[in-house]
Amino acid sequence: MMLERHARMRLAIELIARRARISIVHQETEIPRDALRALYREYHGVSAPSGQLPALGGAAITTRRMQLQASLFAATYFRCGGNRDIRGTPTPRARSIYAAIAAHDLCRELAGIDNSLDMTRSWTIARDLHIGTARLLGCRACEVLYLVADQSRFDRTCPVCALYRAYSDAPPATQPQDDNFFARSLLLPPEPEFRQWSGELTQAAAENGRRPTGSPGAQQKTLPR
Ligand SMILES: [Zn+2]
């Protein structure tokens, strides 16, 4: 019994460290909510956020990128053994919370924090996969596995193909937008030789009264009058 209590508390700390909702931690460990709130406050130095869990994870997937993140989580979750029963867990059930934690951590490792689901969303997707309101389908075009969920705002099409279409249909960016700091940060300052070359071209064009059309080394010839 002592070992079981210890395992429950350890699981609670693992989930709280990943900022999972208190209702999830309570559901998984059966530790009273008040004790979990105190634990959360002690661990993070702030109160645990309150609020209801989404009834269905599909409703919480609001963008194609998020659907892609959920797909990566679902595939990783199964890879981590999420569809198997693991003996000796504090709350033995078909779904394994340990697989959800492992998949959550792995996704963060693979895709980065900004491109992966938080622990609460990860848990919701794992739950929905087990109750059957979310599932993985295979795309015939790009051959990736992707997640479809009930109450999702998207149809049953592949998020990778949808994002690719949106990317290829977008008008080409001729100049970085002023407010697009990231795009500007990718531009390197012009090399000195390039600056010299483009300056010479501009000068030659001004002398010839027309725009430069030649190659870098080409000299503009003055037309006979
Ligand atoms: Zn696809």
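Modeller: Buried, as the word is used here, means under 20% relative accessible area, and this applies to a predicted model. In helix α2, the residues I22, S23, I24, V25, E28 and T29 are buried.

Biologist: What makes helix α2 largely enclosed by the rest of the structure?

Modeller: Helix α2 spans residues 22–29, and because six of its eight residues are buried, the helix counts as largely enclosed. The cover over those buried residues includes α1 (2–17), α3 (33–44), α6 (97–111) and α7 (119–131). Just after α2, E30 takes a positive phi of about 65°.

Biologist: Why is the site of the zinc ion called tetrahedral?

Modeller: Four donors count as tetrahedral if all angles lie between 85 and 135 degrees, and the angles among the four donor atoms here run from 104 to 118°, which places the site in that class.

Biologist: How do you know which atoms are the donors of the zinc ion?

Modeller: A donor has to be an N, O or S atom within 2.8 Å of the metal, and the SG atoms of C139, C142, C158 and C161 lie at 2.2 to 2.4 Å, so these four qualify. Along the sequence, the donor residues follow the spacing C-x2-C-x15-C-x2-C. Distant parts of the chain are linked by the pair C139 and C161, 22 residues apart, with C139 in the loop between β1 (134–138) and β2 (145–149) and C161 in helix α8 (residues 159–169). C139 and C161 are both buried.

Biologist: Why is the aromatic pair of F73 and Y77 called stacked?

Modeller: Rings pair if their centres lie within 6.5 Å, and planes under 30 degrees apart count as stacked; with 5.7 Å centre to centre and 20° between the planes, F73 and Y77 therefore meet both conditions. The two residues are four apart in helix α5 (residues 64–79), so about one helical turn separates them.

Biologist: What makes the pair of Y77 and F78 tilted?

Modeller: The ring centres of Y77 and F78 are 5.8 Å apart, and their planes stand at 45°, an angle that is neither under 30 nor over 60 degrees, so the pair is tilted. Together, F73, Y77 and F78 form one aromatic cluster.

Biologist: How do you know whether Y77 is buried or exposed?

Modeller: Its relative accessible area is 0%, and because this is under 20%, Y77 is buried. F78, with a relative accessible area of 29%, lies between the limits of 20% and 50% and is therefore partly exposed.

Biologist: Which residues touch the most other members of the largest nonpolar core?

Modeller: Of the 35 residues in that core, they are L15, F73, Y77, I125 and L147. The elements that give two or more residues to this core are α1, α2, α3, α5, α6, α7 and β2, and α6 supplies the largest share, with six residues. Domain 1 (1–53) and domain 2 (57–168) each contribute at least three residues to this core. Leaving aside residues up to four places away in sequence, L15 touches A20, V25, E28, I97, I101 and M119. A second, separate core of five residues includes C139, V148, C158 and C161.

Biologist: Why is R153 called exposed?

Modeller: R153 has a relative accessible area of 62%, and since exposed means over 50%, the term applies. R153 sits in the loop between β2 and α8, and, not counting residues up to four places away in sequence, R153 touches I61 and T62. Although R153 and I61 are 92 residues apart in sequence, they are 7.6 Å apart in space, C-alpha to C-alpha.

Key:
Residues numbered from 1 in each chain as written. Predicted model: local features only at pLDDT ≥ 70, side-chain atom pairs only at ≥ 80, totals over all residues. Heavy atoms only, no water. Donors = N, O, S within 2.8 Å, 3.2 Å for Na, K, Ca; no water. Tetrahedral: all angles 85-135°; square planar, octahedral: opposite > 155°, others 65-115°. Buried < 20%, exposed > 50% of the residue type's maximum accessible area, 1.4 Å probe, protein only. Phe/Tyr/Trp six-rings, centres within 6.5 Å; stacked < 30°, edge-to-face > 60°. Contact = heavy atoms within 4.5 Å. Core = buried A, V, L, I, M, F, W, Y, C linked by side-chain atoms within 4.5 Å. Domains from an automatic or database assignment.
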